[in-house]
Amino acid sequence: MNYQFLLETFFVALSGVPIALLVTVVALFIALPLGFLLALTRINKIPVVHHLAKIYVSFVRGTPIIIQIFIIYSSIPLMLKIIFEKYQIPYDIYKINPIWYAFIVFAFSSTAILIEVFRSALSTIEKGQLEAAYSVGLTTFQAYTRIIIPQALVVALPNICTATVNLIKATSLGYAISLPEITLKAKVAANVGYNYVEAYLDIFIVYLILCSTVEYLFKRYEKYLSKYKAANA
C-alpha cells in the first residue's frame with residue numbers, strides 16, 4: 001500500500017467533487033419539476049401522456065444507466081450532425097463538452113425515478129383536501145403550493161434523498177464519456193504507477209463523505225418539514 005499516493009490522490013479525487021455536484025444539481029433541477037408534472041399525469045390518468053410516462057418509467061427502470069449513457073452519448077451527436085448539415089451550421093459537434101451529455105442522461109434517468117416517488121407521495125394525500133381548498137376560494141396552483149405539495153414533500157423526502165444519493169453515486173459512471181469527475185481523475189492518477197487499489201479506496205472515501213453529508217442535510221430538512229405531518233395525519 002502506497003500511503004503517500006493514497007493521500008495525494010485523495011485530494012485529486014476530491015477535486016472532481018464540484019463536477020459531480022454540478023451534474024447532480026442540474027439533473028435534479030430538471031428532473032424535480034418534470035417528475036412532479038408527469039406524476040400528476042399518471043395520477044389523473046391523462047390520455048396518451050399517462051401511457052407514455054408509464055412506458056418511459058419502465059424503460060429507465062428496466063435498463064442499466066451505463067447503457068443509457070452510451071445510447072445518449074452515441075445518438076445525440078449523430079442527430080445533431082444531421083441537423084447541422086441540413087441547415088449548414090458550421091459547428092463541430094464533437095467539440096461539445098461531455099458535461100452537457102451528463103446533464104441530459106442523468107436528468108433523463110432521475111426524472112423517471114422521481115415520477116414514481118411523487119406519484120406514491122401524492123397518492124397519500126386525501127382528495128378531499130383539494131376540494132376543501134376549492135371551497136374556500138383557492139386556485140389549483142394555490143391549493144397545490146400551500147396544501148398538497150408541502151404534505152406530499154414530507155412523504156416523498158426520504159425517497160428523494162435516496163434518489164439524490166443514488167444520482168451522486170451514478171455520476172461515477174461519467175468516466176465513460178470522459179467527464180472529469182471523481183472516478184476519472186483518480187483513475188488517471190493511478191495509471192502512472194498502477195496504484196489502482198489506492199485510487200479506488202480514495203474514490204470510496206470521497207463518495208462516502210459526500211453521500212453521508214447529503215443524507216445529513218436531507219435529514220435536517222426533513223425535520224424542518226415535520227410541522228406538516230400533523231396536517232397530513
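**Exercise 1. Which residues touch the most other members of the largest nonpolar core?**

Keep in mind that you're working with a predicted model.

*Solution.*
- Step 1: The largest nonpolar core has 60 residues, and those touching the most other members are Val23, Phe106, Leu114, Phe118, Leu122, Ile160 and Ile182.
- Step 2: Now see where the core comes from: the elements giving two or more residues are helices H1, H2, H4, H5, H6, H7, H8 and H9.
- Step 3: H7 (140-170) gives the most, with 14 residues.
- Step 4: Apart from this core lies another one, of 5 residues, including Tyr56, Val57, Val60 and Ile115.
- Step 5: For some background, nonpolar side chains tend to be buried together in soluble globular proteins.

**Exercise 2. Find what Val23 is in contact with, leaving aside its neighbours within four places in sequence.**

*Solution.*
- Step 1: Click on Val23 and skip the residues within four places of it in sequence.
- Step 2: You're left with contacts to Ile99, Ala102, Phe103, Phe106, Thr171 and Leu179.
- Step 3: Phe106 should ring a bell, since Val23 and Phe106 are both among the residues that touch the most other core members.

**Exercise 3. Work out how buried and exposed residues are arranged around H6.**

*Solution.*
- Step 1: List the buried residues of H6: they are Gln129, Leu130 and Ala133.
- Step 2: Look down the axis of H6: these buried residues fall within an arc of 100°, so they line one face of the helix.
- Step 3: Flip to the other side of H6, where Lys127, Glu131 and Ser135 are exposed.
- Step 4: Here's the general rule to remember: an α-helix has 3.6 residues a turn, so residues three or four places apart point the same way.
- Step 5: Carry on just past the end of H6, and you'll meet Gly137 with a positive phi of about 95°.

**Exercise 4. Is Ser109 buried or exposed, and what does Ser109 touch?**

*Solution.*
- Step 1: Go to helix H5, which is where Ser109 lies.
- Step 2: Its relative accessible area is 8%, and buried means under 20%, so Ser109 is buried.
- Step 3: Leaving aside neighbours within four places in sequence, Ser109 is in contact with Val60, Ile65 and Gln68.

**Exercise 5. Which residues make the nonpolar surface patch of about 660 Å²?**

*Solution.*
- Step 1: The patch is made by Met1, Tyr3, Val197, Leu201, Phe204 and Leu208.
- Step 2: H9 supplies the largest share of the patch, 4 residues.
- Step 3: Take Leu201, which sits in helix H9: its relative accessibility is 32%, so Leu201 counts as partly exposed.

How values were computed. Residues numbered from 1 in each chain as written. Predicted model: local features only at pLDDT ≥ 70, side-chain atom pairs only at ≥ 80, totals over all residues. Heavy atoms only, no water. Core = buried A, V, L, I, M, F, W, Y, C linked by side-chain atoms within 4.5 Å. Buried < 20%, exposed > 50% of the residue type's maximum accessible area, 1.4 Å probe, protein only. Contact = heavy atoms within 4.5 Å. Arc of directions from axis to C-beta. Patch = residues over 30% accessible without salt bridge, like charges linked within 9 Å, V, L, I, M, F, W, Y side chains within 5 Å. Areas by Shrake-Rupley, 256 points an atom, 1.4 Å probe, with all protein chains shown as cover. Salt bridge = Lys/Arg side-chain N within 4 Å of Asp/Glu carboxyl O.
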